[in-house]
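Q: I am new to this structure and would like a close look at a single part of it, followed by a careful account of what else can be read from the model.

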Amino acid sequence: MTVAANDRGGRADRPPRTQTGRGRAGLRRLGQASLFVGPTMVILLVFSVLPIVVALVTSFTDLDLRGLRDWSLIEFVGLDNYGRLLSDPRFRSAAGNTVVFVLAGVPLIVVCSLAAALMVNYGSSRLFRAYRALFFLPAITNIVAVAFIWGFLYNTDSGLINLILSWGGVGPLPWLDQPVMAKISVIIVAVWQGCGYNMLIFVAALQGIPREFYEAAQVDGANAWRRFWSITLPQLRFATFFVAVTTSISWIQLFETPLVLTHGGPLDSTVSMALFIYRNGFERNRFGYGSAASFLLFLVVVTVTAIQFKLRRQDSNV
Amino acid sequence: MSEPVVPDQPALAPSPVPSSTPGQSSSAYSEAGPYPPPASYPSAPPAAGPARPLARPRPPTDPAPADLTLARLRRRRRRRTVRLIVTVLIGLAALTYAVPFLWMLSGSFKPANEVLSRPPTLLPVDFTWSNYVRLFRELDFGTYLANTGVVVALSMIGLLLRAMAGYGFAKLRFRGRGALFAVVMATMMIPDQVTMIPTFLVLNGLGLVNTYIGIVMPTFVTAFSIFLFRQFMETIPDPLLEAARIDGAGELRIFFNIVWPLSGPILGVQAILCFIAGWNSFIWPLILATQQSKYTLSVGLALLDGQYSSEYGLKMAGAAVMVLPVLIVFVFAQRHIVRGFTLSGLK
């Protein structure tokens, strides 16, 4: 107590010079700080902030492989790229696919990761820690490995899934060879991989619910189902919101799963916005056009994040 | 009481990372950052419900008649049976979730003709190691492995920079600190997929395409990691640092002799996460390693899809090589990894 009081008093007694950081002492502080913070800030600016500016600038040009070699060949095209994007059927279909992925994926992730969290949270023994590990493992598995494994599981003739279905008398399904099925397959894999992190978030939230709530409900004779609906779910409101928002943001950028699992096919049915950007940038070397798409995607992400902020602020005001 | 002991505190509470006390230091930034630290859930407003005393006094447990205790005993036994059944069912669900990994292992030991048999065999009938041998003999997996090692090692250097930045933001007072930190947090919002093309252009301009440094650069420092370091280092007592300053120690000396040794727990968690992220990284090596001599494991693995697309045995063996090191690290450090990911949410 007294130490804290002394400390605070000492700080107030200091000359204001060192507080505001002006003058020679301030300069020295700035020098020291730049030693610690400087390298990081430079790298962050060059690899996080600068790219956004570069994307914006190149989106107004026709930069391609020739332009990369000789900058004098780059031409300013104004808003051409954006105009072409909006009328490009491939871009439209990529945007549509992304919407489908988000609309299907986010609710599935919320439900599945909550279910996994409830299961893992049922007990606290070593056994349940092992269960948690099994649910979490896909989340830290490399995406290429995941895509290979699922590609094999989905294989029409020698895949495990169709083998299991055949035991139940269901004919072989074309998991990756038919547009609608391929979309479903991509969603299944991304959900399987995405549940792990969100399960952890739900588990943390579940363990934060005061036990007294459940004890009181039990005394009042509420059964398990009732306790879940009236205590657990409302208490998880914030966690659910968090999971839904972060998952939407990451699914808007869904990229690696369709890239490695289906290569965007069949018939471009699994090309997402990010995959569209990658293809234009690195397979067709249309950097200007791809940058325009990047910038649009960036705007979407920023908008969703801003909406999230607004909703959360309203939520906390209530 | 036969009830299982459930910890009252979240299992993640005894974390060395001070963000488990969100009310204090982090609140200003959890408001500014795109994601709130998940550890703040316990402080979420309680649901609106009928106002009711939380903990009711239990009815006094007076000595009950014999038949009543018998009924209670029976009920308790039934409850235990239910628990056992539910535990087994959950175990089955968890195992089902991991079936793809078993399928991977099973496939990786099948010879080329068996892996494509229809219907497939569940376990390899004709067990072979040849897929693994081919990866390293016929294909360049030795090179890929070495490259991945270099990339992981280089990204560990980033750990030092992040720790230093965390210290700077936590303990050094300088003008513009708040604004700079806000910039750091704002970069969390910028997705890799958006910066793919421009980052390639920037690295191309710097002549860093197809170099190891170029491959690690885009993820060399990450905002969230800096945030966690800052959170941790704020808990280091000021008098300790002041004393060293009075003794004439420079800030660098203070950092390496006092702060670094004290930061063991967070360094451990961050190093493990850094290893996993570096080992698994795919987008940046894919874009920036333009020659096969610089391919990492994940890019080399993806390459199998072209030439060997129907050689599932080979592909499963490659996937296993990719997965096993992470699996081993995970088994030994599950607690740390889980804690790290819980703190970092999705990122």
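Which residues does A:Phe76 touch, not counting residues up to four places away in sequence?

A: In this predicted model, where local features need pLDDT of at least 70 and side-chain atom pairs count only at pLDDT 80 or more, while totals for chains, interfaces and linings use all residues, side-chain values use heavy atoms and leave out hydrogens and water. Residues are numbered from 1 along each chain as its sequence is written, and chains are lettered from A and ligands numbered from 1 in the order in which they are written.

Once residues up to four places away in sequence are set aside, A:Phe76 touches A:Phe60 and A:Thr61, where contact means heavy atoms within 4.5 Å. The place of A:Phe76 is the loop between α4 (65–69) and α5 of chain A; helices (H or I, at least four residues) and strands (E, at least two) are DSSP runs, numbered from the N terminus. With a relative accessible area of 65%, A:Phe76 is exposed, a label given over 50%, whereas buried means under 20% and partly exposed covers the values in between (1.4 Å probe, protein chains only). Another phenylalanine, A:Phe298, stands 222 residues from A:Phe76 in sequence, and the C-alpha atoms of the pair are 21 Å apart in space.

Further along the chain, A:Asp88 occupies the loop between α5 (80–87) and α6 (89–120) of chain A. Is A:Asp88 buried or exposed? Because its relative accessible area is 14%, A:Asp88 counts as buried. Apart from its neighbours within four places in sequence, A:Asp88 is in contact with A:Phe276 and A:Tyr289. A:Gly26 is 62 residues from A:Asp88 along the chain, and 55 Å separates their C-alpha atoms.

A:Tyr289 also appears in the surroundings of A:Asn280: residues up to four places away in sequence aside, A:Asn280 touches A:Asn285, A:Arg286, A:Tyr289 and A:Gly290. A:Asn280 itself belongs to helix α15 of chain A, and at 1% relative accessibility it is counted as buried.

The loop between α14 (256–261) and α15 (273–283) of chain A holds A:His263, and A:Asp268 is found in the loop between α14 and α15 as well. In A:His263, phi is near 55°, a positive value in a residue other than glycine, while A:Asp268 has a phi near 60°, again a positive value in a residue other than glycine. A:His263 counts as partly exposed at 44% relative accessibility, and A:Asp268 is partly exposed with a relative accessible area of 24%.

Chain B gives a second setting for these terms. Its secondary structure comes to 16 helices and zero strands, and 48% of its 347 residues count as buried. Among the contacts in chain B with a separation of 6 or more, 72% come from residues 24 or more positions apart.

Helix α3 (residues 99–108) of chain B is largely enclosed by the rest of the structure, because seven of its ten residues are buried. The buried residues of α3(B) are B:Pro100, B:Phe101, B:Trp103, B:Met104, B:Ser106, B:Gly107 and B:Ser108.

Helix α6 (residues 141–171) of chain B contains B:Lys171, which at 12% relative accessibility counts as buried. What do the polar atoms of the B:Lys171 side chain lie beside? One of them lies 2.7 Å from the backbone oxygen of B:Ile236. The side chains of B:Lys171 and B:Asp238 are joined by a polar contact of 3.2 Å, that is, a pair of N or O atoms within 3.5 Å, of which, within protein, one must be able to donate a hydrogen and the other to accept it, with residues adjacent in sequence counting only if both atoms are side-chain atoms. With its neighbours within four places in sequence left aside, B:Lys171 is in contact with B:Arg177, B:Met233, B:Glu234, B:Ile236, B:Asp238, B:Leu241 and B:Arg245.

Other residues of α6(B) meet α13(B): among those from α6(B) are B:Leu145, B:Val152, B:Met156 and B:Leu159, and the residues of α13(B) that take part include B:Leu267, B:Ala271, B:Phe275 and B:Trp279.
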